[in-house]
Amino acid sequence: MNIDLERIVDIAEKAGRAIMEVYARDFDIVEKDDKSPLTEADLAAHRLIVDELSKLEPRLPILSEESASIPYEERSRWLRYWLVDPLDGTREFIKRNGEFTVNIALIESGRPSCGVVHVPVSETSYFGCVDKGAWKREKDGPTEPVHVARQRRHPLIVAGSRSHAGDSLKQFLEKAGPHEIMSMGSSLKLCLVAEGRADIYPRLGPTSEWDIAAAQAVVEAAGGVVTDLDMKPLRYNRKDSLLNPYFLVFGDENEDWSCYLS
């Protein structure tokens, strides 16, 4: 289906402005059933995105982190749908470190085909469609194409999590040898790979499908790869659980990244 990617960027930017209105003042924080935090910014962005996407494509279902209780029996029949994280990086939002994003992805036959990742604080957007290309735009600046690094660097540049570093990642890095870590929150870690600033992002911890779908589309549109630890492409809406397997995001397909796994 033909998607107006600029329109999706516009929706993400509107959600970003709604988030920043909350960011600029005091706000309440509640705890969800899974112990993760929720703020009024999450809900404001969710409502805006759902409303705008419903106007844009009324027949397409929407799966959002803030409305994720749709039974698998129903969503397993979806061939196309929107997958949304209205505010990815709520912990970063609460810390006010700026490293949070708005994520909107179009999923087609289990694959993220188009995606937008918007960074409200810097007013930066990453967006792309697989087989068409990926781009980055900062504020009102020019729209510039982005590409992954086709050849890994020495030392290796690794995108890592501010909130979720663990023993598995430490073991991976020990095997990988000399490296530099670029610490970042939210789906921005995948965007570091998409624009060639990092060689790899090994995610050896839990994530949900809405956390990374939009950024996966950008990575793959930029020529990169997102795989599970068996080096198979990451796919969506294939099971009852919305948790992802652990995964790798990289640009250099000639490197045997699996040899660094425990």
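**Close-up views of a predicted model**

**View 1. The pairing of β8 and β9.** Here R137 stands opposite T143 in β9. This is a predicted model, and in it β8 (residues 133-138) pairs with β9 in the antiparallel sense, over three bridges.

**View 2. The open sheet.** Step back from that pair and you meet an open sheet of seven strands, with mixed pairing and the order β3-β4-β5-β6-β7-β8-β9. At its edges stand β3 (62-64) and β9 (143-145); each has a single partner strand, so one side of each is left without a neighbour in the sheet. From one strand to the next, the twist averages 20°.

**View 3. Two helices across the strands.** Let's look at what lies across the sheet strands. Helix α1 (residues 5-23) lies across β4, β5 (101-108), β6 (111-119), β7 (124-129) and β8, and runs at about 40° to β6. Helix α2 (residues 40-56) lies across β3, β4 and β5, and its angle to β4 is about 155°.

**View 4. The largest pocket.** Now for the open space: the largest pocket holds about 770 Å³. Its lining counts 34 residues, and those nearest the centre are S36, E65, D88, R91 and D211. Two or more lining residues come from each of β4 (80-88), α4 (90-95), α6 (188-194), β12 (200-203) and α7 (209-221).

**View 5. The character of the pocket lining.** Sorted by class, the residues lining the largest pocket are 13 charged, eleven polar and ten nonpolar. Strand β4 is worth finding again here, as it belongs to the open sheet and also gives two or more residues to this lining.

Conventions. Residues are numbered from 1 along each chain as its sequence is written. This is a predicted model: local features need pLDDT of at least 70, side-chain atom pairs count only at pLDDT 80 or more; totals for chains, interfaces and linings use all residues. Side-chain values use heavy atoms; hydrogens and water are left out. On a 1 Å grid over the protein atoms alone, a cavity is a set of points where a 1.4 Å probe fits but cannot get out, and a pocket is an open set with protein on both sides within 12 Å along at least five of seven lines; lining residues have an atom within 4 Å of a point. Grid points are joined across faces, edges and corners, and a volume is the space filled by probe spheres set on the points. Helices (H or I, at least four residues) and strands (E, at least two) are DSSP runs, numbered from the N terminus. Ala, Val, Leu, Ile, Met, Phe, Trp, Tyr, Cys and Pro count as nonpolar, Asp, Glu, Lys and Arg as charged, and the others, Gly among them, as polar. Two strands pair if DSSP finds at least two bridges between them. Axes are lines fitted to C-alpha atoms, for helices over the stretch in contact, and angles run from 0 to 180 degrees between N-to-C directions. Contact means heavy atoms within 4.5 Å.
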